[in-house]
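Student: Before we begin, may I ask for a guided reading of this model, one region at a time?

Tutor: Certainly; please look at the entry below.

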Amino acid sequence: MFWKMKGIDEKRVAAIDNTDLITYGDVKRHIEEIQSITAERNVVLILSDNSVGSYLGYICFLYMNCAVILLENTVKEEFCKAMIEKYRPKFIWAQEKWRKLLDFPDLYKKYGFYLLSTGHETYTLNEKVGVILSTSGSTGNVKCVQLGYEGIQEHAKALGEVLEFTENDSIITTMPMAFVYTLSFINICISKGATVLLTNSNIMEKDFWSLFHKYHPTCISGLTVHYEMLSVMKLFEKNCQHLRILTQGGDVFGEKMRVKVTEYCRKYHKKGYILYGQTETSGTCGALSFFEDKETNCIGKAISSGSFEIENIECGQGELIYNGKCAMLGYATGDLDLTELPNVYGRVETGDIVRRDTDGCYYIVGRKKRFIKLYGKRVNLDDIENYVKKQFGVQECVCVGEKEKVWVILTEQQHSDAVLKEGIKNFLGISDTMIRIEYVDSMIKNESGKISYFKLEEMVRKMNEKKLNEVGRIR
C-alpha cells in the first residue's frame, strides 16, 4: 500500500502548512514513536483540519492498519460525542480544544495534535475497512461510508494516471481534509512521494497566497466557487508558470467560468479536468478534459478504476451505476457495521440520473434522491424539513434546492425569516446567504397526495426570477 512509503526518498517534503514542514523521513520516525504506544489494529477518530499535524495522524494510522474515522474539527461537540458513542474508537487524534472538551488522557503530542485514549476496548474489525467518512456534515445523521484499503490504493493510482501526476508535483488545499475530494489528492501525493500544501485559509485570504507564492504548487482543485474566487484574485490574467494542473469537481461548472478557465488552460498549455465522483466511489470515478466540447452537465467517462452503466433506462435515461474496486464497502451507523460488511462489493448506485452520448460520455440530468451539495457539503433536504418542523413547531415545511441555495417553503409565517435563517444556518453550518424562505398558499401535491418537489422547485424558482426582475425595473 502506498502509505507504507516504500521507495520514497526520506528527504522529500511530505507536507507543509503555514507554520510547519514535514519530510517523509520525519513521518516514518513519528510513526515509530506512535507505534511504541499502540501497535494494535484499532478504530481511531481524527478530528482533522488542513495542517501538518492532521496529515501526520492520517498517514500514521493508515500505516498501522487502523480504521480511521475522519471528521472536521469544526463539528459540534454533541455530534462528536455521538460518533464516539456509536463507533467506540480506542484513540482520538485531535487538537487542544478537543482535549479539553472530551477530557480524555493524552499519551502523545506532535504538531499541535494529541493522541487521546478513550478507554474503549479494542474490538474485531473487518480486515478490509480503512477509512470511514461521514456523508452528512453535522446534521446529526451519523451515516458513514466505509472505504477499503484496496479501493483507496486503486483510486490514487487511477486518478494519478488521469492527471499524469508525478513526484515533482504538489497540491494546495481549498477544502477540508475530511472531504473525499481533498483526501483523494492527499492520497495521490503520498503515493507519488509528492508534497501537499495544507491551509485552513480560503482563497480570499492572505495566508493562502503566502503559501501559494512561497512553495509554488503545480496543481489546484476546487468547486466552481473556488474558481470564481481565483478569478477575483486575477489568477487567470497572466501565466502562473508553476501551475500545470487545474481540476474542478463537486458541482456543475458554471458555463462562463468554465469557458474562462478553459481558455486560460489552452493559452498557457495547462491540463484541466472536470472530475465527477462521490464519497461512495472513494472520490473521482469519472473525468472530462476542459478541452472536450461537451455541455456543462457532462461528466465524461469512467476512469480506469472502474466502469459506468445505466440501470432502469427510460427514454434514454436511467440511474448511473459505478462498478469497480473503488466502490465503498458499505454504509455504517455504528461499530457493528465495521465488523460485518454488507454484500455490496464493487457496485455503487450513485442516485444520479444520466444519459449517454454517441461518444460514450455521460450527462447528469437529475437526482434520484433528495441530496444536494452546498459548496461541497452534502445536505439531506429531509433533514432540514424535520429540523424546521421540530425546532420551530411548523406543521408544513418543504425544502428544495440546487447548487448554492436551499429554499425552505412554508404555508404560514410563525417566525421571522431572520430567526428561521439563523437556526438553519447553525444547524447546517453554512452561510445564511444560501437560504431562501418562501411562503405559498398550499403545498403542491400529486394525485396520490405526495408532495411534488419538482413542481414546488419550479414554482419558487419562478417566484425568485420575478423578484429579481422587479428589482431590476426599480433600479
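Student: Which residues touch the most other members of the largest nonpolar core?

Tutor: This is a predicted model, in which local features need pLDDT of at least 70 and side-chain atom pairs count only at pLDDT 80 or more, while totals for chains, interfaces and linings use all residues. Residues are numbered from 1 along each chain as its sequence is written, and side-chain values use heavy atoms, with hydrogens and water left out. A nonpolar core is a set of buried Ala, Val, Leu, Ile, Met, Phe, Trp, Tyr and Cys residues joined through side-chain atoms within 4.5 Å, where buried means under 20% relative accessible area, exposed over 50% and partly exposed in between (1.4 Å probe, protein chains only). The largest such core has 78 residues, and those that touch the most other members are Val27, Tyr55, Tyr58, Phe61, Trp93 and Phe185.

Student: How many residues form the other core that lies apart from it?

Tutor: Members of this separate core include Met83, Ile92, Ala94 and Val142. Its residue count is 28.

Student: Which residues does Phe61 touch, not counting residues up to four places away in sequence?

Tutor: Contact here means heavy atoms within 4.5 Å. With residues up to four places away in sequence set aside, Phe61 touches Ile34, Val44, Ile46, Cys66, Val68, Trp93 and Leu115.

Student: Is Ser48 buried or exposed?

Tutor: Ser48 belongs to strand β3, residues 43-48; helices (H or I, at least four residues) and strands (E, at least two) are DSSP runs, numbered from the N terminus. Beyond four places in sequence, its contacts include Leu70, Glu72 and Met177. Because its relative accessibility is 3%, Ser48 counts as buried.

Student: Why is helix α6 described as largely enclosed by the rest of the structure?

Tutor: Helix α6 covers residues 180-192 and reaches 18 Å from its first C-alpha to its last, close to the 18 Å expected at 1.5 Å a residue; the expected span is 1.5 Å times one less than the number of residues. Just after α6, Gly193 takes a positive phi of about 75 degrees. The helix is largely enclosed because, of its 13 residues, the number buried is eleven.

Student: With which residues is Asn187 of α6 in contact, leaving aside neighbours within four places in sequence?

Tutor: Asn187 lies in α6 and, at 7% relative accessibility, counts as buried. Leaving aside those neighbours, its contacts are Phe2, Tyr58, Ile152 and Ala156.

Student: Which strands are the edge strands of the open sheet β24-β25-β26?

Tutor: This three-stranded sheet has mixed pairing, and two strands pair if DSSP finds at least two bridges between them. Six bridges join β24 to the antiparallel β25 (residues 405-410), and Gly401 has Val406 as its bridge partner in β25. The strands that pair on one side only are β24 and β26.

Student: At about what angle to β24 does helix α10 run?

Tutor: Axes are lines fitted to C-alpha atoms, for helices over the stretch in contact, and angles run from 0 to 180 degrees between N-to-C directions. Helix α10 (residues 381-392) lies across β24 and β25. Its angle to β24 is about 145 degrees.

Student: What is the relative accessible area of Lys368?

Tutor: Lys368 is found in the loop between β21 and β22. Its C-alpha atom is separated by 9.4 Å from that of Gly318, 50 residues apart along the chain. Lys368 is partly exposed, with a relative accessible area of 47%.
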